[in-house]
Amino acid sequence: MPARYTLHGIWASGPTYKVGLFLSLAREPFDYVHLDLRQGEHKRPEYMAKQRYGQVPLLVDNSNGRHLCQSASILEYLADKTGKFGGATVEERIEAREWMFWDFDRLTRGVYRPRAVTAGFAKFEPEVVSHYESEGRAALKVLDDHLRGRSWIVGEGPTIADIDIAGVVAYAPQAGHDLGAFPNVAAWFERLEALPGYRGPNELLPKESKAAA
């Protein structure tokens with residue numbers, strides 16, 4: 001039976017990983033289509049007809065033909081469709097969304113951009129890199145303070161907020177951030193790694209297209 005979902009992305013993309021992680025934790029098999037961004041495959045007309053921003057990820061819901069972009073929006077869609085990780089109450093759903101917006105506004109740049117420099121994907125002046133590193137440390141401190149005495153970011157179980165933020169924190173060491181300096185974040189991430197279905201970025205996102213197992 002064909003997989004319901006097809007995820008388009010690239011192995012190096014944190015936002016693609018967020019969507020793949022949700023599907024893996026929800027035990028939803030998905031077909032994976034690798035896009036070579038260096039070759040500009042994400043800017044070709046046939047792709048942009050499906051993903052209006054010419055970015056990754058793109059998730060196709062094969063049950064209804066819907067094309068979805070922007071990882072946070074995709075996570076909310078999947079929470080609605082699967083009935084998983086959406087929060088136990090309306091209040092939890094609202095708080096989860098707030099943390100997802102915070103993640104994009106405060107944490108993402110301080111992890112993804114230094115990581116991109118380290119990996120050779122981008123170049124910035126040293127003072128710019130230092131600024132992003134400082135942003136990342138400040139955001140990790142906010143998250144660490146919030147997680148003191150808590151198992152999960154919102155409520156009593158994992159939600160899309162945890163999955164969304166994990167898709168950034170997973171790359172923090174590559175950005176030069178020592179999670180040992182943020183023990184509550186480190187403990188939270190270990191709890192996430194222990195969930196059934198958890199897979200790290202290198203295991204979850206291959207470097208070639210792959211049909212659902």
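This report walks through the strands, pockets and a few notable residues of a predicted model.

**The strands**

Let us start with strand E1, which covers residues 5–9 and runs parallel to E2, joined to it by five bridges. Within this pairing, Thr 6 stands opposite Asp 31 of E2. Together with helix H1, the strands E1 and E2 make a right-handed β-α-β unit. E1 also pairs with E3, here in the antiparallel sense and over four bridges. His 8 is the residue that stands opposite Leu 58 of E3.

From E3 the pairing continues to strand E4 (residues 66–69), again antiparallel and with four bridges. Leu 59 and Leu 68 stand opposite each other there. E3 and E4 form a hairpin, with four residues between the two strands. Gly 65, in the turn of that hairpin, has a positive phi of about 75°.

How do the side chains of these strands sit? In a regular strand, they alternate between the two faces of the sheet. E2 shows this alternation: Phe 30, Tyr 32 and His 34 point to one face and are buried, whereas Asp 31 and Val 33 point to the other face and are not. E3 is covered on both faces, with Leu 58 and Val 60 buried on one side and Leu 59 and Asp 61 buried on the other.

His 34 deserves a further look. This residue of strand E2 touches Gly 9, Ile 10, Trp 11 and Glu 41, and also Pro 206, Lys 207, Glu 208 and Ser 209, leaving out residues up to four places away in sequence. Its C-alpha atom is separated by 24 Å from that of Glu 193, a residue 159 positions apart from His 34 along the chain.

**The two largest pockets**

Rolling a probe the size of a water molecule over the atoms shows where empty space is left. The largest pocket holds about 1200 Å³ of space. It is lined by 33 residues, and the closest to its centre are Ser 13, Gly 14, Pro 15, Val 56 and Tyr 112. Which helices each supply at least two residues of this lining? They are H1 (14–25), H3 (71–82) and H4 (90–119). H4 gives the most, with 10 residues.

The second largest pocket has a volume of about 290 Å³. Of the 15 residues that line it, Pro 29, Phe 30, Arg 199, Ala 212 and Ala 213 are the closest to its centre. The elements giving two or more residues to this lining are H1, strand E2 (30–34) and helix H8 (201–204).

The make-up of the two linings is set out here.

| Pocket | Nonpolar | Polar | Charged |
|---|---|---|---|
| Largest pocket | 15 residues | 10 residues | eight residues |
| Second largest pocket | nine residues | one residue | five residues |

**Backbone exceptions**

Most residues other than glycine have a negative phi, and most peptide bonds are trans. Against that background, the peptide bond from Val 56 to Pro 57 is cis, with omega near 5°. Pro 57 is part of the loop between helix H2 (45–48) and strand E3 (58–61). Val 56, as noted above, is among the residues closest to the centre of the largest pocket.

Two residues other than glycine have a positive phi worth pointing out. For Arg 27 the angle is near 60°, and the residue lies in the loop between H1 and E2. For Phe 85 the angle is near 65°, and this residue is found in the loop between H3 and H4. Are these two buried or exposed? Arg 27 counts as exposed because its relative accessibility is 55%, over the 50% cut-off. Phe 85 is buried, because its relative accessible area is 16%, under the 20% limit.

**Two buried residues of helix H6**

Finally, we turn to helix H6, residues 160–169, where Val 169 lies. Val 169 is buried, with a relative accessible area of 1%. Leaving aside neighbours within four places in sequence, Val 169 is in contact with Leu 107, Leu 140, Leu 143, Leu 179, Val 185, Trp 188 and Phe 189. The C-alpha atoms of Val 169 and Gly 136 are separated by 10.0 Å, and the two residues are 33 residues apart along the chain.

Asp 164 is found in H6 too, and at 2% relative accessibility it counts as buried. Residues up to four places away in sequence aside, Asp 164 touches Lys 18, Leu 75, Met 100 and Asp 103.

Key:
Residues numbered from 1 in each chain as written. Predicted model: local features only at pLDDT ≥ 70, side-chain atom pairs only at ≥ 80, totals over all residues. Heavy atoms only, no water. 1 Å grid on protein atoms, 1.4 Å probe; cavity = no way out; pocket = protein on both sides within 12 Å on 5 of 7 lines; lining within 4 Å. Points joined across faces, edges and corners; volume = space filled by probe spheres on them. Nonpolar A, V, L, I, M, F, W, Y, C, P; charged D, E, K, R; others polar. Contact = heavy atoms within 4.5 Å. Buried < 20%, exposed > 50% of the residue type's maximum accessible area, 1.4 Å probe, protein only. Pairing = 2+ DSSP bridges. Right-handed = clockwise from strand over helix to strand, strands pointing away.
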